[in-house]
Amino acid sequence: MKTLKFEHNQAMLIRQGQKTATWRIFDDKDIHVNDSIDLVDKVDPQNPASWVSLGRAHVTMIVEKRLGDIRPADFEGHEQFESTDLMLEHYQKYYGPDVMLTTPIKMIHFELEEAQKRTPANDDIRTTLREIKMYADGGSRGNPGPSASGYVLLTMDDKVVVEKGIYLGITTNNQAEYHSLKAGLEDALKRGASVVHVYMDSMLVVNQMRGIFKVKNRDLWPVHVAIKEIVASFKEVTFTHVPRELNKLADAQVNEALDAHLGKSKK
């Protein structure tokens with residue numbers, strides 16, 4: 001079967017239904033309308049063992065144009081560029097300096113087959129989990145101020161196992177981020193997971209957990225140490241930074257927890 005591989009941030013957009021097209025300059029796959037293709041998420045581009053299938057997709061339309069002839073309507077289902085120069089720079093980065101505005105590009109539109117689309121998982125899955133994804137987020141309205149943490153656990157094919165938001169009281173943003181990570185890992189451990197892939201939009205927390213940044217804030221020491229102890233209980237835990245727009249599920253849990261608590265306090 002023909003295969004198309006995507007960077008993780010693009011794969012997340014596909015899962016969320018926001019990306020339904022990919023532009024390719026050199027189509028070595030010889031893809032045609034009505035082809036069935038396998039979409040792959042390169043979770044860690046440097047580690048093929050981490051790559052996972054997004055599912056099977058059906059090619060619905062193919063359009064060929066020169067880069068310089070791209071118009072706003074062509075961006076439907078695809079990431080947009082602020083200018084033609086930035087678009088050209090992007091494709092030169094991937095395909096080399098020979099790419100010009102006269103270079104032809106193949107716009108491949110696809111649709112995930114119905115069986116591959118994201119659906120909630122049966123709660124019984126908790127007893128059979130081995131490898132799991134976790135999106136975590138935390139927020140403080142005031143920094144410090146009323147805060148909440150949120151996390152979402154998913155199977156490797158993006159079926160939601162649990163979504164949860166927890167009101168924390170008065171904390172800082174960073175404390176809330178850490179507590180979301182701690183709560184999510186504790187839940188994953190209870191469900192029998194041995195491998196957890198963590199995704200957060202907090203560069204600080206991700207880099208501190210990976211040992212790239214030191215934990216200089218004394219208020220974060222206790223929860224950081226507690227999380228390190230939990231991590232040691234798993235076979236493997238990976239930490240990946242993602243943009244905020246790719247962490248919407250966990251962010252929604254944070255805001256729901258805050259809104260629910262603050263709404264009650266006003267009554």
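## Salt bridges

In this predicted model, K65 is partly exposed, with a relative accessible area of 26%. The side chain of K65 forms a salt bridge with that of D74, with a nitrogen-to-oxygen distance of 2.8 Å. The partner D74 is buried, since its relative accessible area is 13% and the limit for a buried residue is under 20%. This pair therefore joins a partly exposed lysine to a buried aspartate.

The structure holds eleven salt bridges, and two further examples may be described. R66 and D69 are linked through their side chains at 2.9 Å, N to O. R66 is partly exposed, at 42% relative accessible area, and D69 is partly exposed as well, at 28%. Another salt bridge connects K182 with E186 at 2.7 Å, again from N to O. Both of these residues belong to helix α3, which covers residues 173-190, and they stand four residues apart, about one turn of the helix. K182 has a relative accessible area of 23% and is partly exposed; E186, with 30%, is also partly exposed.

## The protein as a whole

The protein contains six helices and ten strands. Its C-alpha trace spans about 55 × 40 × 40 Å along the principal axes. Of its 267 residues, 45% count as buried. The accessible area of the protein is about 14100 Å², and carbon and sulfur atoms supply 49% of that area.

Contacts may also be described by the separation of the residues along the chain. Among contacts between residues at least 6 apart in sequence, 73% join residues at least 24 apart. As for charge, there are 35 positive and 38 negative side chains, and the centres of these two sets lie 5 Å apart.

## Two buried loop residues

Which residues does N247 touch, apart from those up to four places away in sequence? They are Y135, A136, D137, Y199, M200, D201 and V242. N247 is found in the loop between strand β10 (236-241) and helix α6 (248-266). It is buried, with a relative accessible area of 1%. One residue that it touches, D137, is 110 residues away along the chain, while the C-alpha atoms of the two are separated by 7.5 Å.

L129 is placed in the loop between strands β5 (104-112) and β6 (131-140). This leucine is buried, with a relative accessible area of 9%. Leaving aside residues up to four places away in sequence, L129 touches T155, V161, R191, G192 and A193. The C-alpha atoms of L129 and L154 are separated by 9.8 Å, and these two residues are 25 apart along the chain.

## Backbone features

Most residues other than glycine have a negative phi, and most peptide bonds are trans. Against this background, the loop between β6 and β7 (145-154), in which P144 lies, deserves attention. A cis peptide bond joins N143 and P144, with omega at about 0°. N143 is found in the loop between β6 and β7 too. Although N143 is not a glycine, its phi is positive, at about 45°. N143 is partly exposed, with a relative accessible area of 41%.

Where is D158 located? It lies in the loop between β7 and β8, the latter strand covering residues 160-171. D158 is not a glycine, yet it has a positive phi of about 70°. Is D158 buried or exposed? It is buried, because its relative accessible area is 6%, whereas a buried residue is one under 20%.

## A nonpolar surface patch

M203, I212 and F213 form a nonpolar patch on the surface, and together they have about 280 Å² of accessible area. One of these residues, F213, lies in the loop between helix α4 (203-209) and helix α5 (221-231). F213 is partly exposed, with a relative accessible area of 38%. That value is over 30%, and a residue must exceed 30% relative accessible area to be part of a patch.

Methods:
Residues numbered from 1 in each chain as written. Predicted model: local features only at pLDDT ≥ 70, side-chain atom pairs only at ≥ 80, totals over all residues. Heavy atoms only, no water. Patch = residues over 30% accessible without salt bridge, like charges linked within 9 Å, V, L, I, M, F, W, Y side chains within 5 Å. Areas by Shrake-Rupley, 256 points an atom, 1.4 Å probe, with all protein chains shown as cover. Salt bridge = Lys/Arg side-chain N within 4 Å of Asp/Glu carboxyl O. Buried < 20%, exposed > 50% of the residue type's maximum accessible area, 1.4 Å probe, protein only. Contact = heavy atoms within 4.5 Å. Lys, Arg positive; Asp, Glu negative; His and termini not counted. Charge placed at Lys NZ, Arg CZ, Asp CG, Glu CD.
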